[in-house]
Amino acid sequence: MMAPSWIDVLDSTTRACSVHDRDDLVQRLHARRKRLLDPKLRVVVIGETGQGKSQLINALLNANVCAVGDDHTTAVPAIIEHAETPTASMITAGPLAIEGPSREPVPIESVTARANTEPTAVRAEIGLPRALLAGGLALVDSPPRSVEMVDSADAVLMATDATSELSAGELRLLREVARLCPTIVLVLTKIDLVPGWRSVAERNRAQLGQGFATVIPVSATLRLAAAKTGDKALNKESGFGELLAWLHNDLLSQPDLHARRSVAALSTTVVEMLLEPLQEEFTETQQPGTRPAVARWEAESRRLERLQREAARWQTMLSDEVSDLISDVEFDLRDRTRQILAEVDEYFEIADPARSWPEFTEWLRENLTTVAETNSEWLLDRFEWIARKIGRQVAPHRADALPDSLPRDVPADAVGDLKLPRVERFGVGQKLFVGMRGSYSGLLMFGLATTIAGLPLINPISLGAGAAFGAKSILEERGNRLKRRQAVAKNAAHRYVDDFFLTYGKHSKDTARQIHRALRDRLSAVTDELRSDITETAKAVKQFIDDDTTRRATRAQEIRSSMEELVRLRQAAQTLVAMRPRGLIA
């Protein structure tokens with residue numbers, strides 16, 4: 001037996017759903033395939049509440065099998081099939097998950113009423129010996145606004161009364177039904193109650209558009225009355241003749257056509273469901289999805305350029321700061337030593353170094369030590385300030401950007417020993433010699449002067465003058481010798497302070513250069529680390545961008561191929577029928 005022409009399209013659609021991980025659609029298509037291979041044609045009757053849906057089925061079958069009336073609303077589907085003898089059952093499901101469905105025989109006239117009020121009822125099944133059903137037709141009375149049953153329908157009858165044209169809700173229902181089952185007949189009910197039903201039917205046809213659904217006006221009341229009386233004219237007036245002719249000639253006689261139309265509609269709908277997320281994903285692959293990564297890469301590149309520029313700037317700034325610092329420290333050292341020398345000169349204007357040298361030496365050493373410590377502290381404080389200033393510029397967020405500590409030791413030989421300079425001693429013999437030399441001059445000078453007056457050379461006056469001149473000579477010599485000792489002491493102190501200035505000045509400069517190198521090397525190492533980190537980060541981000549671009553391109557090609565396959569599948573589905581539904585389905 002040759003397989004139906006639509007089965008390959010349906011199977012291809014099922015495989016496509018499986019490829020795209022839509023197991024829900026796979027199960028739905030498997031159920032639809034099984035349903036289409038069943039030779040029995042299922043016609044689902046739908047419609048909103050109060051539109052005469054159940055009465056329509058009763059009139060078609062000429063039997064009150066569906067409960068009608070304002071107090072009866074279809075809650076569960078009722079399936080009516082052919083049977084040699086009238087039968088009816090209510091299928092119920094147990095309240096527990098482990099309890100399966102059960103079948104309960106119920107009288108035909110009350111089965112739907114029972115099923116609609118029974119909380120555990122799943123559906124009602126009815127069998128009738130009717131010629132319409134004997135041809136392989138099954139009618140399904142569905143709950144209002146229910147679309148689930150349409151998924152398994154070969155054709156759909158939608159009931160709407162003739163009191164008004166199709167509402168917005170009915171139009172939405174038709175659009176949804178058309179996506180699942182394209183074989184639709186709009187049955188305009190209750191025409192016996194509306195004199196202007198023909199204009200309503202025309203407006204409905206205009207709303208639906210050509211080729212979307214057939215509109216057949218009927219009256220179930222006239223149909224049932226004609227069946228009781230056997231009035232053929234009344235039966236013709238009911239409009240059911242056209243509906244039955246459609247069921248026999250258009251539906252039952254062309255099952256393959258309707259199966260192909262169903263598969264075309266279902267496959268098209270499923271393919272569009274598969275295409276929609278693919279199209280969204282494809283659009284996403286065409287967008288620059290790595291904008292944050294690109295922005296970060298550009299930011300890291302700018303940061304690296306800025307770091308390279310700043311490296312030259314901070315090194316120049318560090319050199320300038322150190323040069324200024326060395327100049328300031330040297331000036332401070334010179335100024336402090338000059339003040340000490342001024343005090344030394346002032347001190348030795350009065351003091352005798354022969355007597356006060358030990359006290360002076362201790363005082364000078366203490367002052368020079370204080371100068372060295374103060375100058376060193378100032379040097380280190382200024383260097384710490386410079387280090388923090390440059391460190392904030394190089395690596396503001398790194399606490400380890402600066403050396404742990406800076407050298408603060410004052411050299412032990414900065415203040416050496418000051419020895420007493422060689423000074424003349426003014427002893428007793430020297431005093432006698434100087435006194436006698438002065439006395440002789442005074443005695444001789446005044447003795448010669450008094451000889452004019454007739455006095456002898458040695459007389460009391462000359463002797464007194466000699467004693468006075470001797471004492472004056474001793475005093476003058478003592479003063480002169482003190483001045484010479486003070487000058488010698490000053491010169492010794494000056495040389496001592498100069499030696500301190502040279503020794504400590506060199507140490508200060510050496511310390512400044514040492515700290516400069518240590519600080520420069522540490523900041524250079526930190527800069528290199530930052531440069532390395534930034535470079536590695538930029539490389540990683542660039543690699544991510546490249547990988548993402550490659551991935552997007554690969555995925556875009558995969559999506560494009562999948563979409564092309566789905567489009568070909570949709571085209572194959574659309575070729576199953578010569579006419580596609582138009583109007584509301586578009």
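These are my notebook entries on cores, voids, strands and backbone angles in one predicted model.

**Entry 1: the nonpolar cores**

I began with the packing. The largest nonpolar core holds 44 residues, and I80 and L243 are the members that touch the most others. Next I looked up which element gives the most to this core, and helix 10, residues 240–252, came out with 7 residues. L243 lies within that stretch of numbering, and I listed its contacts too. Leaving aside residues up to four places away in sequence, L243 touches L56, L60, L157, V185, V187, I216 and V218. I also found a second core, separate from the one above, with 31 residues. Among its members are C181, L186, L208 and V215.

**Entry 2: the largest pocket**

I then turned to the open spaces. The largest pocket has a volume of about 440 Å³. It is lined by 24 residues, and G50, Q51, G52, K53 and G69 are the closest to its centre. Which helix supplies the largest share of this lining? My lookup gave helix 3, with 4 residues. Helix 3 (53–61) and helix 8 (220–229) each bring at least two residues to the lining. I sorted the lining by class as well and noted 7 nonpolar, 12 polar and 5 charged residues.

**Entry 3: the cavity**

How many cavities of 30 Å³ or more does the structure hold? I found 1. The volume of the largest cavity is about 50 Å³. Its lining is made up of S54, C66, A67, T74, V76, P77, A78, T112, A115, N116, A124 and D141. Here the largest share comes from helix 4 (residues 108–117), which gives 3 residues. Split by class, the cavity lining has 7 nonpolar, 4 polar and 1 charged residue.

**Entry 4: strand 3 and its partners**

I wanted to know whether strand 3 is enclosed or open, so I checked burial, counting a residue as buried under 20% relative accessible area. Of the 7 residues of strand 3 (residues 87–93), 5 are buried, so the strand is largely enclosed by the rest of the structure. I then looked up its pairing. Strand 3 and strand 5 (residues 121–128) run antiparallel and are joined by 6 bridges. In that pairing I91 stands opposite R123 of strand 5. Strand 3 also pairs with strand 4 (residues 101–105), again in the antiparallel sense, over 5 bridges. On this side, S89 has P105 of strand 4 as its bridge partner.

**Entry 5: two positive phi values**

Last came the backbone angles. Most residues other than glycine have a negative phi, so I made a note of two that do not follow this.

- N62 is not a glycine, yet its phi is positive, at about 55 degrees. I located N62 in the loop between helix 3 and strand 2 (78–82). With a relative accessible area of 40%, N62 is partly exposed.
- K190, also a residue other than glycine, has a positive phi near 60 degrees. I found K190 in the loop between strand 8 (184–189) and helix 7 (197–208). K190 is partly exposed, its relative accessible area being 28%.

Are these two residues buried, partly exposed or exposed? I noted both N62 and K190 as partly exposed, because their relative accessible areas, 40% and 28%, fall between the 20% and 50% cut-offs.

Methods. Residues numbered from 1 in each chain as written. Predicted model: local features only at pLDDT ≥ 70, side-chain atom pairs only at ≥ 80, totals over all residues. Heavy atoms only, no water. Core = buried A, V, L, I, M, F, W, Y, C linked by side-chain atoms within 4.5 Å. Buried < 20%, exposed > 50% of the residue type's maximum accessible area, 1.4 Å probe, protein only. Contact = heavy atoms within 4.5 Å. 1 Å grid on protein atoms, 1.4 Å probe; cavity = no way out; pocket = protein on both sides within 12 Å on 5 of 7 lines; lining within 4 Å. Points joined across faces, edges and corners; volume = space filled by probe spheres on them. Nonpolar A, V, L, I, M, F, W, Y, C, P; charged D, E, K, R; others polar. Pairing = 2+ DSSP bridges.
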